[in-house]
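User: I would like to learn how to read a sheet and one of its residues in a model such as this one. Could you take me through it step by step?

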Amino acid sequence: LVNSLTNEEVQGIVGLKQPLRYENDVNQYFKLKKEKNFFIGVCSYLDWPGDLENPQELQSYRHRDIFADPKWHSHILGWTHIFRRPRAHIPSEYPIILLPESDFMDP
């Protein structure tokens with residue numbers, strides 16, 4: 001499988017469905033990225049990938065803009081979303097599809 005935008009070989013695709021909270025999460029992300037895995041962003045957790053307004057969320061990742069730094073977003077191929085106005089949360093350069101995470105769950 002080859003990423004048609006970058007001509008890079010893709011070993012696998014991983015769903016990224018919430019902020020990377022802990023050091024172990026960050027390490028796993030970079031390990032998967034180094035192994036040539038790519039990611040599909042899955043919007044199902046609060047307003048993520050936008051700012052998380054819930055005061056119970058840790059400050060360290062409530063306002064992390066994953067689109068500001070290529071080390072975070074360079075391997076994200078596109079996003080599934082649940083938003084009425086998805087472009088308020090996801091930049092226009094990413095392909096999007098209205099597809100909630102719940103569509104992948106057995107009742």
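Analyst: What follows goes from the sheet to a helix and then to a single residue. This is a predicted model, in which local features need pLDDT of at least 70 and side-chain atom pairs count only at pLDDT 80 or more, while totals for chains, interfaces and linings use all residues. Residues are numbered from 1 along each chain as its sequence is written, and side-chain values use heavy atoms, with hydrogens and water left out.

User: How are the strands of the sheet ordered, and which pairing do they show?

Analyst: Strands of a sheet pair through backbone hydrogen bonds, either parallel or antiparallel. Here four strands form an open sheet in the order 1-2-3-4, with parallel pairing; strands are DSSP runs of E of at least two residues, helices runs of H or I of at least four, numbered from the N terminus, and two strands pair if DSSP finds at least two bridges between them. Strand 1 (12-16) and strand 4 (96-98) are at the edges with a single partner strand each, so one side of each has no neighbour in the sheet.

User: Which residue is the bridge partner of W79 in strand 4?

Analyst: That partner is I96, and strand 3 (residues 76-81) pairs with strand 4 over three bridges in the parallel sense.

User: Is T80 buried or exposed?

Analyst: Buried means under 20% relative accessible area, exposed over 50%, and partly exposed in between (1.4 Å probe, protein chains only). T80, found in strand 3, has 7% relative accessibility and therefore counts as buried. Leaving aside neighbours within four places in sequence, T80 is in contact (heavy atoms within 4.5 Å) with I40, G41, V42, C43, I97 and L99.
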